[in-house]
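User: Hi! I'm new to reading protein models. Could you walk me through this one?
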Amino acid sequence: MVSTPLKTTKSEEIFSAAQKIMPGGVSSPVRAFKSVGGQPIVFDRVKGAYVWDVDGNQYIDYVGTWGPAICGHAHPEVIAALHEALEKGTSFGAPCALENVLAEMVIDAVPSIEMVRFVNSGTEACMSVLRLMRAFTGREKIIKFEGCYHGHADMFLVKAGSGVATLGLPDSPGVPKNVTVNTLNAPYNDLEAVKKLFSENPGQIAGIILEAVVGNSGFIPPDAGFLEGLRMLTEENGALLVFDEVMTGFRIAYGGAQEKFGVTPDLTTLGKIIGGGLPVGAYGGRQDIMAMVAPAGPMYQAGTLSGNPLAMTAGIKTLELLQKPGTYEYLDQITKKLSNGLLEIAKETGHAACGGQISAMFGFFFTEGPVHNYDHAKKSDLAKFGRFHRGMLERGIYLAPSQFEAGFTSFVHTEEDIDQTLAAAREVLSGL
Ligand SMILES: Cc1ncc(COP(=O)(O)O)c(C=O)c1O
């Protein structure tokens, strides 16, 4: 494998034009490569496990459009289903039978979900579920965890992980203090801190929301007993437990983190995979809680494009593909090979590193570790990660452009793709 400086003339042209007409040249901040340095690559097309940039360079992709592409990009069956659906129109703004199909699939798959509401993004799902937590309990405070990201709504932008961390913004200007005053933060994996918050705020906490496996401070799994402990504490305190499974849903198991760890929350948010690459989100859970949502109940929430037939179609086909026996075993096998391989190579080449994977989600940090929370993750050598990222890019491997992001595989990544990735990593790490 030879590292040639990437030819990126067209990417540079397009990106510098973009910077004049869109803030930072992007439609979402982490895409701008701020934390790894260098200019971002402008994509031309995506297919299977690969992406091509506008200069014709090909990469093995471990971002998967930030999670949705678990069947690989533009899977032929998803594309065929979309073509068919497109003929009938793009948006109905009226009930559509496809919503029932996807709702049934989600309810069958995700242990906590008895009823579901579709929205258009993970952000929307999380901001709506927060309103529901408050409406149902009549309480205003919530607990979240440092380094967990639940979309960009005001009340979640406190110690919110990847994007914000990458830009070095502890909070965002424009978020009023009185909006986040009810957002209490605890370190992830710290049950004592959660207990303390409950005892300091008796009868005031609506619930806890968390990424059951963190992907937005890099990849951080829950310690043994952490999720069970949260389940107990919420029950003892009359509060709700909410798993934000926008990233983990249908990725670390078909039924998400709650299936994997056997802990059932009261409510769940979803996004990414259930839209098969189209904009989507969802929140759902216990029927008695979901009965609060308008028009069944008084908690208002709505959306012009919610449940549109294209997103529903892509989601249905994606979930059908994931139901094929052996899918999650294969995802686990190749992702384990990748994750273990990276750690071994780092060790052999003399770099402090730690990390892991669950099914098709992985991550590693340039620090000895172990990493149990965001503060630990911040000990990573970010400059080294930047050099590693660039070296991999130059060898045709597209990794998330931040140390604080998880990586994703798909079931169309092959053993050869992983071998090629590890060979690239060996070259880059040997030279760092
Ligand atoms: C766990 C989690 N929740 C919520 C969101 C927000 O989703 P979206 O970007 O679709 O608004 C994300 C996005 O990455 C996420 O990872």
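Analyst: Happy to! First, UniProt positions use the numbering here, feature names are shortened, and annotations may be inferred rather than shown by experiment. This is a predicted model, where local features need pLDDT of at least 70 and side-chain atom pairs count only at pLDDT 80 or more, while totals for chains, interfaces and linings use all residues. Residues are numbered from 1 along each chain as its sequence is written, and side-chain values use heavy atoms, leaving out hydrogens and water.

User: Cool. Which residue does UniProt list as a modified residue?
Analyst: Lys 272, as "N6-(pyridoxal phosphate)lysine", in an unreviewed UniProt entry.

User: And where is Lys 272 found?
Analyst: Lys 272 is in the loop that links strand S9 (267–271) with strand S10 (281–285). Strands are DSSP runs (E, at least two residues), as are helices (H or I, at least four), numbered from the N terminus.

User: Why does Lys 272 count as partly exposed?
Analyst: Because its relative accessibility is 24%. Buried means under 20% relative accessible area and exposed over 50%, with partly exposed in between (1.4 Å probe, protein chains only).

User: What does Lys 272 touch?
Analyst: Leaving out residues up to four places away in sequence, its contacts (heavy atoms within 4.5 Å) are Trp 66, Gly 67, Pro 68, Val 246, Met 247, Gly 277 and Val 280.

User: How far is the backbone oxygen of Trp 66 from a polar atom of the Lys 272 side chain?
Analyst: That distance is 2.9 Å.

Terms used: Polar contact = N/O pair within 3.5 Å; in protein donor to acceptor, adjacent residues only side chain to side chain.
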